[in-house]
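Hi,

Here is the structure I said I would pass on. Have a look at it first, and then read my notes underneath.

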Amino acid sequence: IHLILPRLCINSQGNGALCCCCLKRKKICCCCCKSRQVPYFGSAFFRIVLITIGVMLVVCFKYVTFVEIEGQRLLFYSPEIEAFGGWWFAGFFGIILILVAFGIIFMHIAKQTSEARYSTTSVYRKFVRSFKKKYWYWEF
């Protein structure tokens with residue numbers, strides 16, 4: 001978090017928001033920034049969460065993959081650990097948990113009308129706004 005937070009606080013001039021003497025609601029006011037807009041932290045947080053989920057899936061898939069060597073089933077990326085142990089089940093249930101979470105989000109989005117889905121007040125708009133309205137479910 002110490003490395004990510006300063007990157008989120010950089011304004012359009014490339015100056016850090018931490019150098020400013022006063023912070024107002026979504027605006028920075030001081031001599032160096034001249035009332036420039038601050039990046040939307042909700043959107044930045046959402047993108048970081050999606051990147052983190054992607055990394056978690058990669059790690060989980062690595063722990064689910066195994067090979068059989070001389071009659072022993074070992075994890076492919078950690079050959080000193082036997083398959084179907086604690087790490088294998090952690091990876092398996094991690095994948096299941098992430099898929100269920102996205103399934104629940106998909107069901108909530110599917111229940112909405114097209115207008116509600118793409119409205120600026122919708123919580124789920126970030127999932128579908130870059131997709132065509134006609135094919136959002138396929139691209140999701």
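Below is what turned up when I went through it, starting with the overall layout and ending with the aromatic rings.

First, a caveat: this is a predicted model, so please read everything here in that light.

The protein chain contains six helices and four strands, and along the sequence they come in the order α-β-β-α-β-β-α-α-α-α. The chain has 140 residues, of which 21% count as buried. Its exposed surface is about 10400 Å², with 66% of that coming from carbon and sulfur atoms. As for contacts between residues at least 6 apart in sequence, 33% of them link residues at least 24 apart.

Helix H3 is worth a look. It covers residues 86–111, which makes 26 residues, and spans 37 Å from first C-alpha to last, close to the expected 38 Å. Its buried residues are Trp88, Gly91, Gly94, Ile95, Ile98 and Ile109. When you check the spacing in that list, keep in mind that an α-helix has 3.6 residues a turn, so positions three or four places apart point the same way.

Ile109 turns up again in the largest nonpolar core, a set of six residues that also takes in Phe46, Tyr118, Phe127, Val128 and Trp136. Try clicking on Tyr118 there: leaving aside residues up to four places away in sequence, Tyr118 touches Arg125, Val128, Arg129, Phe131, Lys132, Lys133 and Trp136.

Now the rings. With ring centres within 6.5 Å taken as a pair, there are eight aromatic pairs. One of them is Phe76 with Tyr77: the centres are 5.0 Å apart and the planes meet at 85 degrees, so this pair is edge-to-face. Phe92 and Phe93 make another edge-to-face pair, because their planes are at 70 degrees, with 5.5 Å between the centres; the cut-off for that label is over 60 degrees.

How accessible are Phe76 and Phe92? Phe76 is partly exposed, at a relative accessible area of 46%, and Phe92 is partly exposed too, at 33%.

Phe92 and Phe93 also belong to an aromatic cluster, together with Phe66, Phe84, Trp88 and Phe89. Trp88 is the one to centre your view on if you want to link this to the helix, since Trp88 is also among the buried residues of H3.

And what sits over the ring of Tyr77? That would be the charged end of Lys62, 5.1 Å from the ring centre.

Have fun with it, and shout if anything looks odd.

Cheers

Terms used. Residues are numbered from 1 along each chain as its sequence is written. This is a predicted model: local features need pLDDT of at least 70, side-chain atom pairs count only at pLDDT 80 or more; totals for chains, interfaces and linings use all residues. Side-chain values use heavy atoms; hydrogens and water are left out. Rings of Phe, Tyr and Trp (its six-membered ring) pair if their centres lie within 6.5 Å; planes under 30 degrees apart count as stacked, over 60 as edge-to-face and the rest as tilted. Buried means under 20% relative accessible area, exposed over 50%, partly exposed in between (1.4 Å probe, protein chains only). A charge sits over a ring if NZ of Lys or CZ of Arg is within 6 Å of the ring centre and within 35 degrees of the ring normal. A nonpolar core is a set of buried Ala, Val, Leu, Ile, Met, Phe, Trp, Tyr and Cys residues joined through side-chain atoms within 4.5 Å. Contact means heavy atoms within 4.5 Å. Helices (H or I, at least four residues) and strands (E, at least two) are DSSP runs, numbered from the N terminus. Accessible areas come from the Shrake-Rupley method with a 1.4 Å probe; for residues, only the protein chains shown count as cover. The expected span of a helix is 1.5 Å times one less than its number of residues.
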